[in-house]
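Biologist: Could you take a close look at one part of this model with me? I'd like to understand how it fits in with what surrounds it.

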Amino acid sequence: MIYFDNAATTIKKPRVVWSQTIKFCKKYGANAGRGQHELSQIASMSIQQTKDKLKKFLRCAHFHSVAFTPSATIAINVVLKGLDFSKIQNVYISPFEHNSVLRTLYALQEQHLFTIHQLSATEDGVFDLDKIAEQFAKDKPNLMVVSHVSNVCGTIAPIEQLCQLAKRSFAVCVIDMSQSCGLIDLPLRKVNADFFIFAGHKTLHAFYGVAGIIYRQSARLKCFIHGGTGVDSQSRRMPEELSSQIAGSSNILAIKSLDVALTYLAKKGIANIEAKERQLTKALKKILSRFDFIKIIGDNAQSISVVSATFEGMSPEGVAAFLNRHKICVRAGLHCSPLAHRHFNTLPLGTLRLSIDFFTKRSDLRRLNGALKKLQKTVTNKKKKAS
Ligand SMILES: Cc1ncc(COP(=O)(O)O)c(C=O)c1O
């Protein structure tokens, strides 16, 4: 199969991620923080090592800490449901937010009084910083949540500038890096955000089951998941510090896979990864734009790895089924981001999404080109029959 669904998950993990993770877990897969014995201590040390490695890889500031969660969705819930909404009136989101952000905010709106504003963006999906400054002057932001890379059109949000603008009003800034962590060459210490969310199984090439939050050590959130943490068990209350607040056994297998993946990615170099994926994205867009029945959605120079398109005379689902018959995996529909489709006027059917990875080969793109030529013939024949 040719795989263009890397925004859902990067299916191809570096070989060492499989081999080293399984080797480690067969020997040391004890429950971290749940025993005084050597194996449990090794598991705890291994988790700390991965946190340190992640901070170094992402060039975090000295005041940043890491908390692991089982998924990005849970990490987003931990952060948003942990905030004090009595002080939040204006929430700004990008037009491209995932339902993990949207539905969490909508659920919070049932308990708290706040307005959700959309950050201004052009028709082709570029953030309009001048208009955003005007929006912020009119309704001061208290909270801003932005996807670094859109999972619909691949737009890269200018998160440095957005946080700078939002911080003039002391807004809490949350950056969803589910589609960008390990892909975009930007030191996190340069971004004045309070919380960064990451997903291990996507651009970081780890297994499912590890994600998390990078946050300022001083950050305090209301605890939303309660349970055992392995420390201070007599206390009826959860610990104050965020990384100690994530209750439940740690997924040592997934965390180890992230550790190995980080070593692999660091060797490869994040700048090289970004450069390669930019080239592949360009090549993919070039192929799509050869066909006049295909329209790229949110086509702008600030996009990477994710490309959405609509097809004249065919639904995205129909095209996805056709490509599947040609052994090409893509995704059709709304991609859990309904606002993006309102922005691009692609409701209700959504788009066909093709998403690449640094493992994507030029020959994969050629196979796609061949399949699209066949699709074009089918569309032309259908048109002829109809006329
Ligand atoms: C931008 C964005 N945020 C959050 C998520 C949620 O990630 P997960 O389903 O791994 O929790 C996704 C998943 O596709 C995403 O693309």
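Biologist: In which sense do strand 5 and strand 6 pair, and over how many bridges? Please start there and walk me through the surroundings of strand 5.

Modeller: Happy to! Bear in mind that this is a predicted model. Strand 5, residues 143-147, pairs with strand 6, residues 172-176, in the parallel sense, and five bridges join the two. One of the pairings to look for is Ser147, whose bridge partner in strand 6 is Asp176. To get from one strand to the other, follow helix 6, residues 159-167: strand 5, this helix and strand 6 form a right-handed β-α-β unit.

Strand 5 has another partner too: strand 3, residues 90-93, pairs with it in the parallel sense over three bridges. Here you can find Ile93 opposite Val145 of strand 5.

Now turn to the side chains. Leu143, Val145 and Ser147 point one way from strand 5, while Met144 and Val146 point the other way. Both sets are buried, and strand 5 is accordingly mostly covered, with five of its five residues buried.

Helix 4, residues 99-109, also belongs in this picture. Its buried residues are Ser100, Val101 and Thr104. They lie on the same side of helix 4 because they cover an arc of only 95° around the axis. In general, an α-helix has 3.6 residues a turn, so residues three or four places apart point the same way. The cover over the buried residues of helix 4 includes strand 5 itself, along with strand 3, strand 6 and helix 3 (72-82).

How values were computed:
Residues numbered from 1 in each chain as written. Predicted model: local features only at pLDDT ≥ 70, side-chain atom pairs only at ≥ 80, totals over all residues. Buried ≥ 20, exposed ≤ 12 C-beta atoms within 10 Å, placed from the backbone. Helix = DSSP H or I, 4+ residues; strand = E, 2+ residues; numbered from the N terminus. Pairing = 2+ DSSP bridges. Right-handed = clockwise from strand over helix to strand, strands pointing away. Arc of directions from axis to C-beta. Contact = placed C-beta atoms within 7 Å.
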